[in-house]
Amino acid sequence: MRYAILSDIHGNLEAFEAVLEDLRGTDIQKRIFLGDIVGYGPNPEECITLLREKFDVMIAGNHDWAAIGKTDIQAFNSVARKAIEWTSAQLSPEYKKFLIDLPLKKEESSLTFVHATPLNPQDWNYIFSGNEAIRNLRALKRDLCFVGHSHIPAVFVLSDLDELFFSSNFTELILDEKIRFLINVGSVGQPRDGFSLASYGVLDTEKKMFYLRRVKYALETTQQKIISAGLPSILAERLARGW
Ligand code: ZN
């Protein structure tokens, strides 16, 4: 089975469409989305429409919950808060209902899909430290866990000798049942690893391989839309910087 795994689209329709274009003609059986379809970007409803049409598994992110008042936005910085207030005002009741119904976590065969962390996903913690990674990897019931949330592609590995490894610089990973992997697929709509290219992953369970893909998109168009919508201009600037 081949899976396409996307996260953190954040209302960026140009980046989302470019990734779907990149997937066209490839042999993908399942499309997975790890949360944050809205927030920051200028096309929340258009992105939700595409997502519902094309995806098999869809998970809630903290911005999705914030846009419908299910999570407190006091923890958000002022720019993220302004963007969520703008987003919430754009969404019709039907679209809000879609966000309300999104689950926090999905598991199938050896795979776990979640936005932030497999342990207590509703707390929206980030996995930046080794301790946090080990706690989450040890708690995994399945071999492979896919997350988003930080917008930074990364992999944490717990070996059969209980050693922890980390990398943020990889394009493919050889998977092994004896080893637990926690893979961050990066962000489609607002990458934060210093590259402006949209990021997503492809998992091939037969070949036991994971591939990280980066895709160029028309970010100038998204930037113009952000400015025209009256969203904070920093949200346009950061797309080009990748921070
Ligand atoms: Zn996000």
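Which residue forms a salt bridge with Glu132? The partner is Arg135, and the closest N and O atoms are 3.6 Å apart. A salt bridge here is a side-chain nitrogen of Lys or Arg within 4 Å of a carboxyl oxygen of Asp or Glu.

## About the model

This is a predicted model: local features need pLDDT of at least 70, side-chain atom pairs count only at pLDDT 80 or more, and totals for chains, interfaces and linings use all residues. Residues are numbered from 1 along each chain as its sequence is written, and side-chain values use heavy atoms, with hydrogens and water left out.

## A pair within one helix

Glu132 and Arg135 both sit in helix H6 (residues 130–139). They are three residues apart, about one turn of the helix. Helices (H or I, at least four residues) and strands (E, at least two) are DSSP runs, numbered from the N terminus.

Glu132 is buried, because its relative accessible area is 16%. Arg135 is partly exposed at 45%. The cut-offs are under 20% for buried, over 50% for exposed, and partly exposed in between (1.4 Å probe, protein chains only).

## Pairs that link distant parts of the sequence

The whole structure holds 13 salt bridges. One of them joins Glu108 and Lys30, with the closest N and O atoms 3.0 Å apart. Glu108 belongs to strand E4 (residues 105–108) and Lys30 to strand E2 (residues 30–33), so this pair ties together parts that are 78 residues apart in sequence. Glu108 counts as buried at 19% relative accessibility. Lys30 is partly exposed at 22%.

Arg214 and Asp193 form another salt bridge, 2.7 Å from N to O. Arg214 is in strand E12 (residues 209–215), while Asp193 is in the loop between strand E10 (180–184) and strand E11 (198–204), so the pair ties together parts that are 21 residues apart in sequence. Arg214 is partly exposed, with a relative accessible area of 26%.

## The zinc site

Which residues are the protein donors of the zinc ion? They are Asp8 (OD), His10 (NE2), Asp36 (OD) and His151 (NE2), at 2.0 to 2.4 Å from the ion. Donors are N, O and S atoms within 2.8 Å of the metal (3.2 Å for Na, K and Ca); water is not among the atoms, so sites may look incomplete. The donor spacing in sequence reads D-x1-H-x25-D-x114-H.

Why is the arrangement irregular? The four donor atoms subtend angles of 87 to 177° around the zinc ion. Four donors count as tetrahedral if all angles lie between 85 and 135 degrees; four count as square planar and six as octahedral if opposite donors are over 155 degrees apart and all others between 65 and 115; anything else is irregular. Two of the donor residues have these accessibilities: Asp8 is buried at 0%, and His10 is buried at 1%.
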